[in-house]
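These are my notebook entries on a structure I went through element by element. I wrote down what I looked up and what I found, in the order in which I took it.

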Amino acid sequence: MNRYFHKELEEIRSKLILIGEKANEAGRLAVEGFIESDLEKTQAAVKMDDEIDDLEVEIDRASVRYITLRSPVSSDVRLIFVAIKASHDLERAGDEAHSIAKKTRTILTRDGKVKNPVEIEKMSALAFAMMRDAITSLLDENLELAQGIIKRDKEVDRINKENYTTLYNEMKGEHGDSSTHVETILISKSIERIADHAKNLAEEVIYLLTGE
Amino acid sequence: MSQTPETTNARADFEPFIQIKDNYNFWYGSTQVLFDMNLDIPEKQVTAFIGPSGCGKSTLLRSINRMNDLIEGIHHTGDITIADQSIYDPSLEVISLRKRIGMVFQKYNPFPKSIYENIVFSLRIAGRNKKSELDEVVERSLRGAALWDEVKDRLHESALSMSGGQMQRLCIARAIANNPEVILMDEPCSALDPIATGKVEELIHELKKDYTIVIVTHNMQQAARVSDRTAFFYLGKLIEYDVTDNIFMKPSNEQTEAYVSGRFG
């Protein structure tokens, strides 16, 4: 039997998809700003942070309200807990995008352009594909897709380490530009964290669909 | 929390339809069971009365249609109005008041007659026997109670052959047959299984589009699910009255908090 308040659950799920799309879009804009030395894209990514934060608060409030007033059980309870946890992960992914954008803005303001983008483009393509697939797995309730995301995180971790080694070695050399290198290392780390949040989201989808 | 109208209705942002006012007090003989009540109930919403046994919630509910008049030795002070008309107005006949107010009880109580005759019982008493009119009322009432599709092919079978949940919905259909303005529900789901309870709760959600509903329930989750506003009573006093979200998520009163979170007593 469908209850009139079940549509409130669908609204929570829709907001979860929306915060996921916005976090991914913010990350994409931030990284494109870095790769293309495009200050406009960087600014656009910075601006999205408030929207993402507001959505997380909305999801939290709607979830607490649903638990309090609707006495959910079984998969409905799992969806609520996943909504609370996943919205936190996605908000944190948005924070990482914000951080990437602000560091890029610092680099561009100081240097005019990014001199050594290392493997950021390749790494971010993998991280954002993970995030996009995690959101799709939630939308389509696709267990197989969610399960496949987990192991993809290792490749992002590997590239992050490679970026770190490259930039660290450059810093040690005589031509190193320390500030930009440190900022780029942190940007690489932020992308690696976005992939972690995508992995968390995939694990939450697996829990939602299987209860385990 | 004090019982002044200002505090009990502090968040009122509606035109009251039912008003319990002028510090309404009620006694069974020398025993006072309601103290200084002031409560505004909105039109076409669901208002839940909650509180432990003996808190006065059923007495207050039964005051609204003067059901308590049937008990010897009762008296009251203060007033109750429906659409600005006092229910104690000497020119108002109690029968006409009860036509404006349908009531559904804890234990479903269909008459030992057919489904059809249960619905039209009060119309026949009023001398309305025209078949086309009765047919229309039966269909409208059963549709209104989300029962039409289940019983339309056996309207002339005994109401007592129905399931418990269906009987309770039949009682709701009977309550709306007279086109009342208000429906009072006194623990309407306490004798029903969870599926039948869910159906009645869905029905309450639909009925509030057309009727002002006041429901007494011991089931706090039910109050949370079905009502727009909730009043919490304790020892005959109105402790807190607010929109349901606030009562269950952020009550102002410590006693309300203790009761809704199961830490009472």
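Entry 1, the four-stranded sheet. I began with an open sheet in chain B whose four strands follow the order E2-E1-E4-E5 and pair in the antiparallel sense. I note at once that this is a predicted model. At the edges I found strand E2 (31–42) and strand E5 (85–86) of chain B, each of which pairs on one side only. Looking further into the sheet, I saw that strand E1 (residues 16–28) and strand E4 (residues 74–82) of chain B run antiparallel and are joined by eight bridges. Within this sheet I also looked up B:Asn25, which stands opposite B:Thr77 in E4(B).

Entry 2, the loop after E4. I then followed the chain into the loop between E4 and E5 of chain B, where B:Asp84 lies. Its backbone caught my attention, since B:Asp84 has a positive phi of about 70° although it is not a glycine. For context I recall that most residues other than glycine have a negative phi. I also asked whether B:Asp84 is buried or exposed. With 9 other C-beta atoms within 10 Å, B:Asp84 is exposed.

Entry 3, the six-stranded sheet. Chain B holds an open sheet of six strands in the order E6-E7-E8-E3-E9-E10, and here the pairing is mixed. Strand E6 (101–104) and strand E10 (237–243) of chain B are the edge strands, each pairing on one side only. From one strand to the next the twist averages 15°. Helix H7 (residues 164–176) of chain B packs on this sheet and touches E6 and E7 of chain B, with its direction at about 170° to that of E6(B).

Entry 4, strand E8 of chain B. I wanted to know how many residues of strand E8 (residues 212–216) of chain B are buried. Five of the five are, so the strand is largely enclosed by the rest of the structure. I recall that in a regular strand the side chains alternate between the two faces of the sheet. Taking the faces separately, I found B:Thr212, B:Val214 and B:Val216 on one side and B:Ile213 and B:Ile215 on the other, all of them buried, so that both faces of E8(B) are covered. As for its pairing, strand E3 (residues 46–50) of chain B runs parallel to E8(B) over four bridges, and here B:Val46 has B:Ile213 as its bridge partner. Strand E7 (residues 182–186) of chain B also pairs with E8(B) in the parallel sense, over five bridges. Two of the residue pairs I looked up are B:Val182 with B:Thr212 and B:Leu184 with B:Val214. Between these two strands the chain crosses from E7(B) through H8(B) to E8(B), and this β-α-β crossover is right-handed.

Entry 5, one residue of H7. I chose B:Leu170, which has its place in helix H7 of chain B. B:Leu170 is buried, with 24 other C-beta atoms within 10 Å, the cut-off for this being 20 or more. Leaving aside residues up to four places away in sequence, B:Leu170 touches B:Pro110, B:Ile115, B:Asn118, B:Leu147, B:Ala159 and B:Met162. The C-alpha atoms of B:Leu170 and B:Ile119 are separated by 7.7 Å, although the two residues are 51 residues apart along the chain.

Entry 6, two helices of chain A. The axes of helix H1 (residues 6–35) and helix H4 (residues 120–140) of chain A come within 10 Å and cross at roughly 170°. Angles over 145 degrees count as roughly antiparallel, and H1(A) and H4(A) are therefore roughly antiparallel to each other. Their contact includes A:Leu16, A:Ile17 and A:Val31 in H1(A), and A:Phe128, A:Met131 and A:Leu138 in H4(A). By class, it has 11 nonpolar, four polar and four charged residues.

Entry 7, the loop after H4. A:Glu141 lies in the loop between H4 and helix H5 (143–150) of chain A. Phi of A:Glu141 is near 50°, a positive value in a residue other than glycine. A:Glu141 counts as exposed, with 12 C-beta neighbours inside 10 Å.

Entry 8, where the chains meet. The contact takes 10 residues from chain B and nine residues from chain A. On the side of chain B that touches chain A, helix H8 (194–207), helix H9 (220–226) and helix H10 (244–249) of chain B each give two or more residues, and H8(B) has the largest share, four residues. By class, I noted four nonpolar, three polar and three charged residues on that side of chain B.

Key:
Residues numbered from 1 in each chain as written. Chains lettered and ligands numbered in written order. Predicted model: local features only at pLDDT ≥ 70, side-chain atom pairs only at ≥ 80, totals over all residues. Axes fitted to C-alpha atoms, helices over the stretch in contact; angles between N-to-C directions. Parallel < 35°, antiparallel > 145°, perpendicular 65-115°, else oblique. Contact = placed C-beta atoms within 7 Å. Nonpolar A, V, L, I, M, F, W, Y, C, P; charged D, E, K, R; others polar. Pairing = 2+ DSSP bridges. Right-handed = clockwise from strand over helix to strand, strands pointing away.
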